[in-house]
Amino acid sequence: MLHCWDGARFPPGGTISIPAKEFNLGFIRPVNSVSHGLRVFTCPLVNVRDALNQAMDEELERDERVFLLGEEVAQYDGAYKVSRGLWKKYGDKRIIDTPITEMGFAGIAVGAAFAGLRPICEFMTWNFSMQAIDQVINSAAKTYYMSAGAQPVPIVFRGPNGSSAGVAAQHSQCFAAWYGHCPGLKVVSPWNSEDARGLLKAAIRDDNPVVFLENELMYGVPFDLSEDVLQKDFVVPIGKAKVERRGTHITLVSHSRCVGFCLDAASVLAKEGVECEVVNLRTIRPLDVDTIEASVMKTGHLVTVEGGWPQYGVGAEICARVMEGPAFNYLDAPAVRVTGVDIPMPYAKILEDHSVPQIKDIIFSVKKVLNM
């Protein structure tokens, strides 16, 4: 049940007329304007976990070559319940529980992809993928190229990436830069439910190995999805960024959970007369440089935001691409990076909060670049 601006409730799928000045973009969207206000409708709210579940369910149903394997993905419904209900629907042959051996089941998944199947290999966290990195890089990423295109490797490696809450240094790393460094892989990093649903479906259908970097803290966050996004043939193209908010003064480029931080910072800055353009990368490799450059050439300023470490990070690559390309001549100030702190993640909450980007850090950096 959703609420109107004045607190009144209306049923899902219902319509209501409200004054335009009270229109709440966070819950409802306009269909058409009428003389005394806006006619509106509700969009279904789907959290990121369910968007991923829907994408896998629809692809498992669409293509019998697709299967899911990993630790606790079947009878337990997944460590984060992303695969809830899939084992009951598709059985042991399509949803496979594995022992705690990342090198082993990642190798099985790569071999299955060589044989013509389309596996989805879940890591309980991407931190554990280091146990299987030889399979991801040497077996999966390089084979399509080394075979001159004769041997596709249609596999998706997926799971939660980056910092969570209270899990300390060994479970809090962002692997966007790690895997984005490697030719032969496609690397995607969704932010909201639309990203998660559309990118996962695109990844499963791709003939290249795809590293799919989710975020544990986003699983339970709901977003409204339009009817178009909920169609079974909806996909988000890999390699294409999305401008989430239009602006004219400065460009904020980010991925995953930090996109939401950028949007929140942009809302605060708008009250001070600063209009930020927020670019959601969606894909780390291949990087959509054209969208970034077009935005920078319009705003003349750039701040990158990411949860990973600064050295050799995603933001560093973006800054280098801008410097090497035509957008450099449009910059009115040096680009600035907002990143995680260059230390292993502390366990103490107060230190953890100071180790990852916060909204106040983005606002500070924007004002620094704009000399405010």
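Contact here means heavy atoms within 4.5 Å. The model is predicted.

## Exercise 1. Helix 3 against helix 4

Task: Which residues of helix 3 and helix 4 meet, and how do the two helices pack?

Solution.
- Start with the contact list. From helix 3 (residues 102-114), the residues are M103, A106, G107, V110 and F114. Their partners in helix 4 are D134, Q135, S139, A140 and T143.
- Sort this contact by class. The split is 5 nonpolar, 4 polar and 1 charged.
- Now take the geometry. Two packed helices are described by the angle between their axes and the distance between the axes.
- Helix 4 covers residues 133-146, and the angle to helix 3 is about 10 degrees. The axes lie 9 Å apart.
- Apply the cut-off: angles under 35 degrees count as roughly parallel. Helix 3 and helix 4 are therefore roughly parallel to each other.

## Exercise 2. Helix 7 against helix 11

Task: At what angle do the axes of helix 7 and helix 11 cross, and which residues meet?

Solution.
- Locate the pair. Helix 7 spans residues 258-270 and helix 11 spans residues 359-369.
- Read off the axes. They come within 9 Å and cross at roughly 55 degrees. That angle makes helix 7 oblique to helix 11.
- Add the hand. The crossing of helix 7 past helix 11 is right-handed.
- List the contact. Helix 7 supplies F261, C262, D264, A265, V268 and L269. Helix 11 supplies I359, I362, I363, V366 and K367.
- Classify the residues of this contact. There are 9 nonpolar and 2 charged residues, and no polar ones.

## Exercise 3. The sheet of 5 strands

Task: What is the strand order of the open sheet of 5 strands, and which strands stand at its edges?

Solution.
- Write the order: 14-16-15-18-19. Pairing in this open sheet is mixed.
- Find the edges. Strand 14 (242-245) and strand 19 (336-338) each have a single partner strand, so one side of each has no neighbour in the sheet.
- Note the twist. From one strand to the next, this sheet averages 25 degrees.
- Check one antiparallel pair. Strand 14 and strand 16 (residues 276-280) are joined by 3 bridges in that sense. Across this pair, V243 stands opposite V279.
- Check one parallel pair. Strand 15 and strand 16 share 5 bridges. Here L252 faces V278 in strand 16.
- Place the helix. Helix 7 lies across strand 14, strand 15 (250-254), strand 16 and strand 18 (302-305). Its direction is at about 170 degrees to strand 16.

## Exercise 4. The two faces of strand 15

Task: Are the faces of strand 15 covered or uncovered?

Solution.
- Recall the rule. In a regular strand the side chains alternate between the two faces of the sheet.
- Split the strand. I250, L252 and S254 are on one side, and T251 and V253 are on the other.
- Check each side. The residues on both are all buried, and both faces of strand 15 are covered. The tally is 5 of 5 residues buried.

## Exercise 5. The sheet of 7 strands

Task: What is the order of the open sheet of 7 strands, and how does strand 10 pair in it?

Solution.
- Write the order: 8-7-9-10-12-11-17. Pairing is mixed here.
- Mark the edge strands. They are strand 8 (95-97) and strand 17 (283-285), each paired on one side only.
- Add the twist. The average in this sheet is 20 degrees from one strand to the next.
- Take strand 10 (residues 156-160) with strand 12 (residues 210-214). They run parallel over 5 bridges. F157 is opposite V211 in strand 12.
- Take strand 9 (residues 118-122) next. It joins strand 10 through 3 bridges, also in parallel. E122 is opposite R158 in strand 10.
- Look at cover. Strand 10 has 5 of its 5 residues buried.

## Exercise 6. One residue, then the chain

Task: Is N53 buried or exposed, and which residues does N53 touch?

Solution.
- Place N53 in helix 1 (residues 48-62).
- Use the cut-off: buried means under 20% relative accessible area. N53 has 13% relative accessibility, so N53 counts as buried.
- List its contacts, leaving out residues up to four places away in sequence. They are V82, S83, R84 and L86.
- Step back to the protein chain. It holds 11 helices and 19 strands. Of its 372 residues, 52% count as buried.
- Finish with sequence separation. Among contacts with a separation of 6 or more, 76% involve residues 24 or more positions apart.

Definitions and conventions: Residues are numbered from 1 along each chain as its sequence is written. This is a predicted model: local features need pLDDT of at least 70, side-chain atom pairs count only at pLDDT 80 or more; totals for chains, interfaces and linings use all residues. Side-chain values use heavy atoms; hydrogens and water are left out. Two strands pair if DSSP finds at least two bridges between them. Helices (H or I, at least four residues) and strands (E, at least two) are DSSP runs, numbered from the N terminus. Axes are lines fitted to C-alpha atoms, for helices over the stretch in contact, and angles run from 0 to 180 degrees between N-to-C directions. Angles under 35 degrees count as roughly parallel, over 145 as roughly antiparallel, 65 to 115 as roughly perpendicular and the rest as oblique. A crossing is left-handed if the near helix is turned anticlockwise from the far one by less than a right angle, and right-handed if clockwise. Ala, Val, Leu, Ile, Met, Phe, Trp, Tyr, Cys and Pro count as nonpolar, Asp, Glu, Lys and Arg as charged, and the others, Gly among them, as polar. Buried means under 20% relative accessible area, exposed over 50%, partly exposed in between (1.4 Å probe, protein chains only).
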